[in-house]
Amino acid sequence: DEQIRQERASQHLPGGCCALAAIYLMGKFYVANAGDSRAIIIRNGEIIPMSREFTPETERQRLQFLALLRPELLGKEFTHLEFPRRIQPKELGKKMLYRDQNMNGWAYKKIEEDDLKFPLIFGEGKKARMMATIGVTRGLGDHDLKVFNSNIHIKPFLSCFPEVRVYDLTQYEHCPDDVLVLGTDGLWDVTNDKEVAGVVMEVLTNYEPNDPCRYTMVAQELVVRSRGVLKERGWRLANDKLGSGDDISVFVIPLGGPGNYT
């Protein structure tokens, strides 16, 4: 992240990106995630999550706590409190559900003038945005990103530090059908863990255990199915729902070799 900051002028790279990394070291897989990509292990048909997405919803309390400690970061335009919906001026003095950085549930408070400011986190699911700007809260870069038509910087709220999970391969005997799947949000936006596991097992059965291309074919199939087919109404999945409109990158990494196959 610091290297991107130093090179953004010379390389003319003002943007940022998420990061998902898997490192094999001394019998263990270390999976580090900073962003909204996802990694899962499929072992004997069982799904083992190896990451979690970092979004305004999943990191709500961290973001609210930072805003509480440093209110100047909000530029007098945002409130760190969360409400179920936007509050109208006519509702001043009335009671409304809210939650702050210490709360998982909701409570009531009397609406004050400051509560009319735009909420730090607004929207639900994939539509959730921090400061009405960005839908992911960890990653690399974005040092110059600002709230639209303002001088409020987003970067102080974005963390470049990943969450790391460890998987010990020596604790299990893996067969060639056991894999680690890494995918960007373009895959997971339209495909859940169970569906991905189904595609993995379906494609792998069409190839011999010692065929090295079988894992590439699984990754290709996951990309194709998530993008869908181009029709008159845009890209559509097999169930006629919209296909992924985001970038889709997928890696399928075997955890066991042909020698383990039984």
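**Two pockets and a helix in a predicted model**

The lining of the largest pocket mixes three classes of residue: twelve are nonpolar, ten are polar and ten are charged. The structure described here is a predicted model. In this model, the largest pocket encloses about 590 Å³ of space. Its lining comprises 32 residues, and those closest to the pocket centre are C18, D36, S37, T184 and D185. Rolling a probe the size of a water molecule over the atoms reveals where empty space remains.

Several strands contribute to the largest pocket. At least two lining residues come from each of β1 (16-17), β2 (19-25), β12 (140-141) and β14 (179-183). The lining also draws on two domains. Domain 1 (1-52 + 162-254) supplies at least three residues, and so does domain 2 (59-141). Domain 1 is given in two segments, 1-52 and 162-254.

The second largest pocket has a volume of about 270 Å³. Its lining consists of V190, T191, E195, V199, E221, L222, R225, S226, G228, L237, A238 and N239. By class, five of these residues are nonpolar, four are polar and three are charged. Two helices, α4 (193-204) and α5 (214-227), each provide at least two residues of this lining. The largest share comes from α5, with four residues.

Helix α4 was then examined along its length. It has twelve residues. From the first C-alpha to the last, α4 reaches 17 Å, close to the 16 Å expected at 1.5 Å a residue. Its buried residues are D193, V196, A197, V199, V200, V203 and L204. Viewed down the helix axis, the buried residues of α4 fall within an arc of 160 degrees, so they line one face of the helix. The general geometry of an α-helix helps here: there are 3.6 residues a turn, so residues three or four places apart point the same way. V199 belongs to the buried set of α4, and V199 also lines the second largest pocket.

The chain as a whole sets the context. The protein chain contains five helices and 17 strands. Its C-alpha atoms fill a box of roughly 70 × 45 × 40 Å, taken along the principal axes. Of the 262 residues in the protein chain, 42% are buried.

Note on methods
Residues are numbered from 1 along each chain as its sequence is written. This is a predicted model: local features need pLDDT of at least 70, side-chain atom pairs count only at pLDDT 80 or more; totals for chains, interfaces and linings use all residues. Side-chain values use heavy atoms; hydrogens and water are left out. On a 1 Å grid over the protein atoms alone, a cavity is a set of points where a 1.4 Å probe fits but cannot get out, and a pocket is an open set with protein on both sides within 12 Å along at least five of seven lines; lining residues have an atom within 4 Å of a point. Grid points are joined across faces, edges and corners, and a volume is the space filled by probe spheres set on the points. Ala, Val, Leu, Ile, Met, Phe, Trp, Tyr, Cys and Pro count as nonpolar, Asp, Glu, Lys and Arg as charged, and the others, Gly among them, as polar. Domain bounds come from an automatic or database domain assignment. The expected span of a helix is 1.5 Å times one less than its number of residues. Buried means under 20% relative accessible area, exposed over 50%, partly exposed in between (1.4 Å probe, protein chains only). The arc is that of the directions from the helix axis to the C-beta atoms.
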